[in-house]
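I opened a fresh page for this chain and wanted to go through its fold, its cores, one pocket and a few single residues. The entries follow the order in which I looked things up.

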Amino acid sequence: RYPFLAFAPFIFTSAITGDGVKELIPAALRAGEAWRARFQTAQVKKVLAATLASAYGVYGPAFELLEATPREPGSEEYRDSEKYQRRVWDLDRPNSLAPLMARLNRIRAAHPALQTNERLAFHDTDNDQLIAYSKRTADRDDVILSVVNLDPHHVQSGWLVLPLEELGVDPERPYEVHELITDTTYLWQGVRNYVELDPARLNAHVLHISPRMRTEEEFEYYL
């Protein structure tokens, strides 16, 4: 049903007989290797965690600075772990995820829809490399749509289909979507809209959907 999870095996377990339990950890390690091979950018993992779950955590500088070389093939441990030595971290490293993490944390704090696991819905796209899903508050006052490019190497584009009435949007009228990471606003129309994501820039959109289009007087440049 979800092509982007094709690398993840199905393991059937029984709490009564114990069947399958011994297979879980080896299967998880194999899935982790497949995940790392496919999703080579930590940006993707960070955006997925921040927008899919109401609560999540990361392990400090090791994650921010992309420490990912395994101790040995198949190991959960990364090489040169600070558990066994004193590490001095270069927190100003250019490839640090800290700016993106800070931006996503501010977005999560400002949007109640991202602070709950309720009303998570996945939406259709015509490209298996794009995953689209939304979260909203019960009163539809806050609607967040996330679109993620699962291909870390290539530009991916496609059309996504949204259940606008469920999201509190009139399908007969244009509406605004505000890209919260880059602070960019787009005007969309209808249930089908086009997206294009370039991993050289950013692999994801985190979009706040406004049910109506602002008038000219409401734009910042007019004030």
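**Entry 1: the fold**

In what order do the elements of the chain run from the N terminus on? I kept in mind that this is a predicted model, and read the order off as α-α-α-α-β-β-β-β-β-β-β-β. My tally of the chain is four helices and eight strands.

I then looked up the overall figures, and noted that 35% of the 223 residues of the chain count as buried, while the accessible surface comes to about 13400 Å², of which 53% belongs to carbon and sulfur atoms. For the contacts in the chain with a separation of 6 or more, I found that residues 24 or more positions apart account for 61%.

**Entry 2: the cores**

Which residues of the largest nonpolar core touch the most other members? I noted Val47, Leu104, Ile107, Ile144, Val148, Ile181 and Val206, out of 22 residues in this core. I listed the elements that give two or more residues to this core as the helices α2 (42-52) and α4 (98-110) together with the strands β2 (130-136), β3 (143-149) and β8 (204-210). The most comes from α2, which gives five residues to this core. As background I wrote down that in soluble globular proteins nonpolar side chains tend to be buried together.

I followed Ile181 further and, not counting residues up to four places away in sequence, found that Ile181 touches Leu100, Arg103, Leu104 and Ile107, and also Leu202, Ala204 and Val206. Apart from the largest core lies another core, of 17 residues, and I noted Ala132, Val143, Leu160 and Val195 among them.

Next I turned to Thr51, whose place is in helix α2. Is Thr51 buried or exposed? Thr51 has a relative accessible area of 2%, so I put it down as buried. Leaving out residues up to four places away in sequence, I recorded that Thr51 touches Leu114, Tyr133, Lys135, Ser146 and Val206.

**Entry 3: the second largest pocket**

I looked up the second largest pocket and found a volume of about 300 Å³. Which of the 15 residues that line the second largest pocket are the closest to its centre? I wrote down Tyr186, Glu196, Leu197, Asp198 and His205. The elements that give two or more residues to the lining are β6 (184-188), β7 (192-197) and β8, and the largest share, four residues, comes from β7. By kind, I could divide the residues of this lining into nine nonpolar, two polar and four charged.

**Entry 4: backbone angles**

I kept in mind that most residues other than glycine have a negative phi. Arg119, although it is not a glycine, has a positive phi of about 60°, and I placed Arg119 in the loop between α4 and β1 (120-123). Its relative accessible area of 30% is the reason why I entered Arg119 as partly exposed.

Asp183 also went into this entry, with a positive phi of about 60° although it is not a glycine. I found Asp183 in the loop between β5 (175-179) and β6, and with a relative accessible area of 53% Asp183 is exposed.

**Entry 5: pairs apart in sequence**

Where does Leu65 lie? I located Leu65 in the loop between α3 (60-64) and α4, and since the cut-off for buried is under 20% relative accessible area, the 1% of Leu65 makes this residue buried. Leu65 and Trp89 are 24 residues apart in sequence, and from C-alpha to C-alpha I noted 8.4 Å in space. Setting aside neighbours within four places in sequence, I listed Leu65 as in contact with Trp89, Asp90, Leu91, Arg93 and Ser96.

I then looked up Ala28, which is found in helix α1 (residues 21-38) and is partly exposed, with a relative accessible area of 48%. Ala28 and Pro9 are 19 residues apart in sequence, with 8.5 Å between them in space, C-alpha to C-alpha.

My last pair was Pro163 and Val191, which are 28 residues apart in sequence and 6.7 Å apart in space, C-alpha to C-alpha. I found Pro163 in the loop between β4 (156-161) and β5, and noted Pro163 as partly exposed, with a relative accessible area of 26%.

Note on methods
Residues numbered from 1 in each chain as written. Predicted model: local features only at pLDDT ≥ 70, side-chain atom pairs only at ≥ 80, totals over all residues. Heavy atoms only, no water. Core = buried A, V, L, I, M, F, W, Y, C linked by side-chain atoms within 4.5 Å. Buried < 20%, exposed > 50% of the residue type's maximum accessible area, 1.4 Å probe, protein only. Contact = heavy atoms within 4.5 Å. 1 Å grid on protein atoms, 1.4 Å probe; cavity = no way out; pocket = protein on both sides within 12 Å on 5 of 7 lines; lining within 4 Å. Points joined across faces, edges and corners; volume = space filled by probe spheres on them. Nonpolar A, V, L, I, M, F, W, Y, C, P; charged D, E, K, R; others polar. Areas by Shrake-Rupley, 256 points an atom, 1.4 Å probe, with all protein chains shown as cover.
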